[in-house]
Amino acid sequence: MTAKIVTVFNQKGGCAKTMTTMQLAGTLGLRGLRVFVVDMDPQNTAALWFHQASTEAPFPAEVLSMAPLKEAFLDKLSAIAEKYDVIIIDCPPALGSRVPWAALVASDLAIIPVVPVMDNVWASKQAEELVLEARQARASRGGDNLKAVYLLSMVRRGNIFDSCLQTLKSGAQIPILKSTLAMRNVFPESQLYGCVVRSFGKSVAASEVDALVDEVAGLLEIKVSKAK
């Protein structure tokens, strides 16, 4: 079976793209799938996270930086697509980069993480427009429709967050996932140890990620084992 390809992107920095990528990838791995992460960010955060893991407890997905290849990285994916169930592309936060476009044209699903504050909501519109353009490009080539969703990340309580969420909902042309990732200390802690939050045991954060995995698996129409 050829791997399902997921692109995680947003031209706005600081919206937890790599956090989303690694928590999703690692938890899919823990729940029985073969997962490969393509780190396309020149900062190599996903690859550095991966190498923080110990040999006794390796990160539960493969991670490789392909940032120097730019959009030519797609040539490498075709050679490994049969070896994995899911490939997740962590895109750079750069308006001028062609990587998100190349990734979207090749993907089954796009995830746009958004922090519910107004600068993120404004920036998300550019990401949404790129998705719509990619859908048109795929349709013109007779390709399948690109699924795309927003993911609310680093969510906190407060009227400003609620107002921003309502603004996003009112103008969004793509759906918003029911699952969310809140602002919790355990998320950056998992980077330090080269793991995912599920590796620390049961927690609210682990349940949030499992809910995200379940939603993504449903969109990709793939089966994963139940969360333990």
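1. Let me start with V114, a good place to enter this predicted model. Setting aside residues up to four places away in sequence, V114 touches N10, N120, V121, S124, Y150, L151, L152, S153 and L168. The residue lies in strand 5 and is buried, with a relative accessible area of 0%. One pairing to look at while you are there is V114 with G13: 101 residues separate them in sequence, yet their C-alpha atoms are 10.0 Å apart in space.

2. Helix 5 deserves the next look, since N120, V121 and S124 in the contact list of V114 also appear among the buried residues of this helix. The full buried set is N120, V121, A123, S124, A127, E128, L130, V131, A134, A137 and R138. You will notice E128 and R138 in that set, and both count as charged residues. Cover for the buried residues comes from elements including helix 4 (99-106), strand 5 (109-114), strand 6 and helix 6 (159-171).

3. The geometry of helix 5 checks out nicely. Its 23 residues, 118-140, should span 33 Å at 1.5 Å a residue, and the end C-alpha atoms are 34 Å apart, which agrees. After the helix comes G142, with a positive phi near 80 degrees.

4. S107 sits in the loop between helix 4 and strand 5. Is this loop residue buried or exposed? S107 counts as buried, because its relative accessibility is 0% and the cut-off for buried is under 20%. Apart from neighbours within four places in sequence, S107 is in contact with I5, V6, T7, I89, R138 and L146. R138 is one of the buried residues of helix 5, so you can follow the chain of contacts from point 2 to this loop. For a distant reference, the C-alpha atoms of S107 and F200 are separated by 31 Å, with the two positions 93 residues apart along the chain.

5. T7, a contact of S107, belongs to strand 1 (residues 4-8). It too is buried, at a relative accessible area of 0%. Beyond its neighbours within four places in sequence, T7 is in contact with I89, C91, A103, L104, S107, L109, A110 and I111. I89 appears in the contact lists of both T7 and S107. T7 and D108 are 101 residues apart in sequence, while their C-alpha atoms lie 8.2 Å apart.

6. On the cysteines: how many disulfides does the structure hold? The number is 0. C15 is in none, and its nearest cysteine sulfur, that of C91, is 11 Å away. For C164, the closest cysteine sulfur is in C15 at 14 Å, too far for a bond, given that a disulfide needs the two sulfur atoms within 2.5 Å. Both cysteines are buried: C15 has 0% relative accessibility, and C164 has a relative accessible area of 1%.

7. C15 turns up again in the largest pocket, where C15, A16, K17, T18 and M19 lie nearest the centre among 23 lining residues. The space in this pocket comes to about 390 Å³. By class, the lining divides into 11 nonpolar, 8 polar and 4 charged residues. Helix 1 (17-30), strand 6 (147-155), strand 7 (176-182) and helix 7 (186-192) each supply at least two residues of it.

8. Strand 7, one of the suppliers of that lining, also holds T180. Unlike the buried residues above, T180 counts as partly exposed, with 28% relative accessibility. Leaving out neighbours within four places in sequence, its contacts are L151, L152, V155 and E208. L151 and L152 are also touched by V114. T180 and D75 are 105 residues apart in sequence, and their C-alpha atoms are 33 Å apart.

9. Finally, two backbone points that you may want to view for yourself. N44 has a positive phi near 60 degrees although it is a residue other than glycine. N44 is found in the loop between strand 2 (35-39) and helix 2 (45-51) and is partly exposed, with a relative accessible area of 26%. K70, likewise not a glycine, has a positive phi of about 55 degrees. This lysine lies in the loop between strand 3 (62-65) and helix 3 (73-80), and at 56% relative accessibility K70 counts as exposed.

Technical notes: Residues are numbered from 1 along each chain as its sequence is written. This is a predicted model: local features need pLDDT of at least 70, side-chain atom pairs count only at pLDDT 80 or more; totals for chains, interfaces and linings use all residues. Side-chain values use heavy atoms; hydrogens and water are left out. Buried means under 20% relative accessible area, exposed over 50%, partly exposed in between (1.4 Å probe, protein chains only). Helices (H or I, at least four residues) and strands (E, at least two) are DSSP runs, numbered from the N terminus. On a 1 Å grid over the protein atoms alone, a cavity is a set of points where a 1.4 Å probe fits but cannot get out, and a pocket is an open set with protein on both sides within 12 Å along at least five of seven lines; lining residues have an atom within 4 Å of a point. Grid points are joined across faces, edges and corners, and a volume is the space filled by probe spheres set on the points. The expected span of a helix is 1.5 Å times one less than its number of residues. Contact means heavy atoms within 4.5 Å.
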